[in-house]
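This report reads a structure from its confidence values through to its interior. Please keep the sequence and the model side by side while going through the sections below.

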Amino acid sequence: MCAYVNSLKASSDFQRISRLGKKCVFPVFIMLALKRDGEDSSFRLGLTVSRKVGNAVVRNRTKRRLREIARQCLITKEELRNFDIVLIGRASAKERDFSLMKQDFLHGLKKLGITA
RNA sequence: CCAGAGAGUUGGAUGACUGCCCUGUGCAAGUGGGGAGGAAAGUCCGGGCUCCAUGGAAACACGGUGCCGGAUAACGUCCGGCGAAGGCGACUUCAGGGAAAGUGCCGCAGAAAAUAUACCGCCCGGCAUAGCUCUUGCGAAGCUGGGUAAGGGUGAAAUGGUGCGGUAAGAGCGCACCGCGACUUUGGUAACAGAGUUGGCAUGGAAAACCCCACCGGGAGCAAGGCCAAAUAGGGAAGGCACGUGUUAGAUCACAGGGUUUGUUUCCAAUCCCGCUUUCCGGGUCGGCUGCAUAAAGCGUCAGGUAACUGCCGUUUAAGAUGAAUGGUCAUCCCGUCGCAAGACGGACAGAACCCGGCUUAUAGACUCUCUGGUUUU
């Protein structure tokens, strides 16, 4: 998907994370996180935006905004090694201010105990 | 200027920082170039391309199209014309072949909904009563036998319409005009239109119930298909057995037999394939590459054509992702709304997925051209 993060693709990965991972709900998105075992040290990101959010234009835009937030917040953090994170977009994501969404994301990372 | 009709264009602009996809260049760091739409949408038609081993023909079935002529690779599309309906008009709309080939249908209402028929009414005859006249008749109401489609009422629709004649009352029964059919003729490539003669009314509606006629159509789709490739099964080679006839060293070759060829059946041509078993070799799911963007291409001049469109020449090369790039933040300007102002808010519908030609649907605002009907002035 991108050079700076590896993406989650297989639907089995999404199912495993939603079953076993920790969950944190915001009005704009739902954050799921799960620590992975093994040698691979990279961080992986998955995005899900359902049809309830809007038409194809709105869904694409929502995914881009979520991906940009992840890029700006996560790329430098060493704590995120071996973590899989899934973001599920919700309907209000198309209207919320970008900087506020960014704060929501950092807050979510703290709540799930990933960062201090 | 107001109201309206038709056709078309556009779909915010520029920049900064920081990212993504493709690509050129470079050992590398880096750096250059390109990056959503008119509908990319719905997936409704028509093609290209690919596979189903190949080509041709016929019948049946199924599906589609349906005034005429043209355009096109093709179309259910487009252009021009005809007819019908609507509008003062510009113009718009139309599932616009056949109902005298056949079957079936026409709710409710109404007498009757299709071999016509008689509910009320109108008219005539018979019987017969009240009454009148007066000894012979007239006879309302009533009963009964007929005639009649003028009038009433019902309905979406009632067996041509209006008028005059005619008649007991009526009726295309007769006549005039209109409509309709047939024939002749003129114009037109044709649909069709005009004129004339004639018939004397025959042909109610609906084909979007079946059907008939003409024409068209094989199926599935880029998750097509091809290549590289960890595992398993099918596959190939060699041997043995089996096998109609001939032949040969030999399933070697020929003929015969059987089988496949995508809606079904049949025929023709050509080509392809052929039972069982042992050993050895190989083998293609996840993944990657390809298919994959130079094409019925865009733009422009000129020429032909009423037009759709075509031809010549010149010129341009224009996204290529695959859990799917084309973003985020900000500044200035533009447009709209609100506001005295500073400023605030908003800028439609909507996201390429093999590629083209259409159709349909969604679309804030802005702009251009042509035409029509008014109004005012000259």
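## Confidence of the model

In chain A, confidence is lowest in strand β1 (residues 6-7), at a mean of 65, and highest in strand β2 (residues 22-25), at 83; the score is pLDDT, the predictor's confidence in each residue, from 0 to 100. Strands (E, at least two residues) and helices (H or I, at least four) are DSSP runs, numbered from the N terminus. Chain A has a mean pLDDT of 73, with 72% of its residues at 70 or more, and the complex is given an ipTM of 0.78 and a pTM of 0.71 by the predictor. Where pLDDT is low, the predicted coordinates should not be read in detail.

This is a predicted model, in which local features need pLDDT of at least 70 and side-chain atom pairs count only at pLDDT 80 or more, whereas totals for chains, interfaces and linings use all residues. Residues are numbered from 1 along each chain as its sequence is written, while chains are lettered from A and ligands numbered from 1 in the order in which they are written.

## Strand β5 and its partners

Seven of the seven residues of β5 are buried, a term that requires 20 or more other C-beta atoms within 10 Å of the residue's own (12 or fewer is exposed, in between is partly exposed), with C-beta atoms placed from the backbone. Phe83, Ile85, Leu87 and Gly89 point one way from this strand, Asp84, Val86 and Ile88 the other way, and all are buried.

Two strands count as paired if DSSP finds at least two bridges between them. β3 and β5 run antiparallel and are joined by seven bridges, and Leu34 has Asp84 of β5 as its bridge partner. β4 pairs with β5 in the parallel sense over six bridges, where Arg44 is likewise bridged to Asp84.

## The nonpolar core

The largest nonpolar core, meaning a set of buried Ala, Val, Leu, Ile, Met, Phe, Trp, Tyr and Cys residues joined through C-beta atoms within 7 Å, has 21 residues. Two or more residues each come from β3 (29-35), β4 (44-49), α2 (56-74), β5 (83-89) and α3 (98-111), and the largest share, five residues, comes from β5. Leaving aside neighbours within four places in sequence, Leu87 is in contact (C-beta atoms, placed from the backbone, within 7 Å) with Phe29, Met31, Leu47 and Leu66.

## Ala93 in the loop

Ala93 is found in the loop between β5 and α3, and counts as buried because 24 C-beta neighbours lie inside 10 Å. Not counting residues up to four places away in sequence, Ala93 touches Val28, Phe29, Val53, Thr62 and Arg65.

Definitions and conventions. Two residues are in contact if their C-beta atoms, placed from the backbone, lie within 7 Å.
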